[in-house]
Amino acid sequence: MSFDRIDNVHCEAARHAGSADFVFHHAALRPDHPAVIDHGREYSYRTFADDLSRHIRALSQQGLAAGQSVAVCWTGLYEHWLLLLALEALGLASLSYTRNA
């Protein structure tokens, strides 16, 4: 669904929301529903939001400034996604790589 098809109030909020905001929104609405399934392990929206909050807090204490770029080594889907969303929430750009590439 396009943002233009959502009513005006929700449309404007959605245009300015970051990805983490959507995770927290879904965690509030359906905390026990699956958010991510990685290698057969299921993570609920509550767990995803809690883990994302911890990542945001930890990264915010590293002295990084919005607009900086951070390299992120791929270690697995769930952890990688948490790092990317936390970096985005802090206004940081991410560059993903693998050790094999």
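The protein exposes about 6,900 Å². Carbon and sulfur atoms supply 52% of that area. The model behind these values is predicted. Of the 101 residues in the protein, 28% are buried. Contacts between residues at least 6 apart in sequence were also examined; 58% of them join residues at least 24 apart.

Four helices and four strands make up the secondary structure. Along the sequence they follow the pattern α-α-β-β-α-β-α-β. Two strand pairings are described here, one antiparallel and one parallel.

The antiparallel pairing involves β1 and β2, which are joined over four bridges. Strand β1 spans residues 34-38 and β2 spans residues 41-44. Together they form a hairpin with two residues between them. Asp 38 stands opposite Arg 41 in β2. His 39 lies in the loop between the two strands. Its phi is near 50°, a positive value in a residue other than glycine. His 39 has a relative accessible area of 81%. The cut-off for an exposed residue is over 50%, so His 39 is classed as exposed.

The parallel pairing lies further along the chain. Strand β3 covers residues 69-73 and strand β4 covers residues 93-97. Five bridges join them. Within this pairing, Ala 71 stands opposite Leu 95 in β4. Helix α4, residues 77-89, completes a β-α-β unit with β3 and β4. The unit is right-handed.

A second histidine, His 55, sits in helix α3, which comprises residues 45-60. Its relative accessibility is 17%. Buried means under 20%, so His 55 counts as buried. The side chain of His 55 reaches the backbone oxygen of Asp 51 at 2.9 Å. Neighbours within four places in sequence were then set aside. On that basis, His 55 is in contact with Glu 79, Leu 82, Leu 83 and Ala 86. Helix α4 spans residues 77-89, and these four partners of His 55 carry numbers inside that range. Contacts of His 55 thus link helix α3 to helix α4.

The two histidines differ in setting. His 39 is exposed, at 81% relative accessible area, and occupies a loop. His 55 is buried, at 17%, and belongs to a helix.

Methods. Residues are numbered from 1 along each chain as its sequence is written. This is a predicted model: local features need pLDDT of at least 70, side-chain atom pairs count only at pLDDT 80 or more; totals for chains, interfaces and linings use all residues. Side-chain values use heavy atoms; hydrogens and water are left out. Buried means under 20% relative accessible area, exposed over 50%, partly exposed in between (1.4 Å probe, protein chains only). A polar contact is a pair of N or O atoms within 3.5 Å; within protein, one must be able to donate a hydrogen and the other to accept it, and residues adjacent in sequence count only if both atoms are side-chain atoms. Contact means heavy atoms within 4.5 Å. Two strands pair if DSSP finds at least two bridges between them. Accessible areas come from the Shrake-Rupley method with a 1.4 Å probe; for residues, only the protein chains shown count as cover. A crossover is right-handed if, with the strands pointing away from the viewer, the path from the first strand over the helix to the second runs clockwise.
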